[in-house]
Amino acid sequence: VLVPEARLAVFGPRFTDGTSALVIGACAELVNAATGMCGPIIAMSPHNRMKMVNSFVWASVSLLANVVMIPLWGVVGAGVAILVSTSVINIVRTVELWVLMRVLPWDRRSWKPVVAALGTAALGYVSLRFLPDELDPPLLAAFAVGIAAVFVALFVLVGLEPDDRLVLGRVRANVGRLVGRARSGGSR
């Protein structure tokens with residue numbers, strides 16, 4: 001979202017026309033990330049027929065949104081159609097989950113990744129003022145790594161839960177194994 005032109009320019013100058021659609025699609029994925037676990041929970045529940053109904057609803061809304069939006073706005077319309085269909089199905093699943101099981105996809109800890117993401121976005125936006133207008137692929141990659149590091153640092157700062165510690169421990173162990181293999185392979 002912060003550098004859509006640079007990301008799409010990697011594929012050639014013709015692709016930069018899709019920056020608005022990319023940003024809108026990223027917003028759709030944000031909605032999906034915030035509520036996306038509702039679908040699998042419903043599928044694993046005794047109410048698994050709802051999955052078929054939800055698939056039909058999603059396909060219908062997606063088709064209708066694409067038929068209406070693309071002729072109006074082209075590639076931006078396609079992005080809007082994705083946002084609309086993703087939002088509708090995830091709202092439906094969230095309501096179903098609450099009505100059927102009295103479960104919501106969020107709890108008191110849900111604010112932590114939101115705070116880390118907002119802080120990362122703000123810092124990324126401010127840092128763009130100090131970067132050149134044209135980001136070449138190595139600078140874009142460095143920016144992406146820096147943004148990811150800021151998110152992890154902010155996430156750790158707001159406090160880790162036991163599940164977070166478990167995931168980080170596994171990541172650390174896997175990275176350690178990869179580094180160990182690289183070192184042993186390089187000394188032969």
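**Packing, charge pairs and surface of the predicted model**

Thr-120 is buried, with a relative accessible area of 6%. The model examined here is a predicted one. Thr-120 is found in helix H6, and its C-alpha lies 9.2 Å from that of Ala-149, a residue 29 places away in sequence. When neighbours within four places in sequence are left aside, the contacts of Thr-120 are with Ile-147, Val-150, Phe-151 and Leu-154. Helix H7 spans 137-157, and helix H6 spans residues 111-128.

A contrasting pair involves helix H5, where Val-92 is placed. Val-92 and Gly-74 are separated by 18 residues in sequence, and their C-alpha atoms are 27 Å apart in space. Val-92 counts as partly exposed because its relative accessibility is 27%, which falls between the limits of 20% for buried and 50% for exposed residues.

The largest nonpolar core consists of six residues, namely Val-3, Ala-6, Leu-128, Leu-135, Leu-140 and Phe-143. Within this core, Leu-140 touches Val-3, Ala-6 and Leu-135, and Leu-140 also touches Arg-7 and Val-10, with residues up to four places away in sequence not counted. A second core, separate from the one above, has five residues, among them Ala-65, Met-69, Val-80 and Ala-81.

Charged side chains were examined next. Side chains of opposite charge can pair when their charged atoms come close. The count comes to two salt bridges. One of these joins the side chains of Arg-109 and Asp-107, with an N to O distance of 2.6 Å. Arg-109 is partly exposed, at 31% relative accessibility, and Asp-107 is likewise partly exposed, with a relative accessible area of 39%. The other salt bridge is formed by the side chains of Glu-161 and Lys-112, also at 2.6 Å from N to O. Glu-161 lies in the loop between helix H7 and helix H8 (162-186), whereas Lys-112 belongs to helix H6, so this pair ties together parts that are 49 residues apart in sequence. Both partners, Glu-161 and Lys-112, are buried.

No disulfides were found in a search of the whole structure. A disulfide is a covalent bond between the sulfur atoms of two cysteines. For Cys-27, the closest cysteine sulfur is that of Cys-38, at 19 Å, and a bond is ruled out because this is too far; the cut-off for a disulfide is 2.5 Å. Conversely, the cysteine sulfur closest to that of Cys-38 belongs to Cys-27, again at 19 Å and too far for a bond. The surroundings of these cysteines also differ in accessibility class: Cys-27 counts as partly exposed, at 37% relative accessibility, whereas Cys-38 is buried, with a relative accessible area of 0%.

On the surface, a nonpolar patch is formed by Ile-91, Val-95, Trp-98, Val-99, Leu-100, Leu-104 and Trp-106, which together have about 660 Å² of accessible area. Leu-100, one of the patch residues, is placed in helix H5, which covers residues 75-101. Leu-100 counts as partly exposed, at 33% relative accessibility; this value meets the patch criterion because that criterion requires over 30% relative accessible area.

Backbone geometry was considered for the loop that follows. Arg-102 lies in the loop between H5 and H6. Most residues other than glycine have a negative phi. Arg-102, although not a glycine, has a positive phi of about 55°. Arg-102 is exposed, with a relative accessible area of 54%, a value that places this residue in the exposed class because the limit for that class is over 50%.

Notes
Residues numbered from 1 in each chain as written. Predicted model: local features only at pLDDT ≥ 70, side-chain atom pairs only at ≥ 80, totals over all residues. Heavy atoms only, no water. Patch = residues over 30% accessible without salt bridge, like charges linked within 9 Å, V, L, I, M, F, W, Y side chains within 5 Å. Areas by Shrake-Rupley, 256 points an atom, 1.4 Å probe, with all protein chains shown as cover. Salt bridge = Lys/Arg side-chain N within 4 Å of Asp/Glu carboxyl O. Helix = DSSP H or I, 4+ residues; strand = E, 2+ residues; numbered from the N terminus. Buried < 20%, exposed > 50% of the residue type's maximum accessible area, 1.4 Å probe, protein only. Core = buried A, V, L, I, M, F, W, Y, C linked by side-chain atoms within 4.5 Å. Contact = heavy atoms within 4.5 Å.
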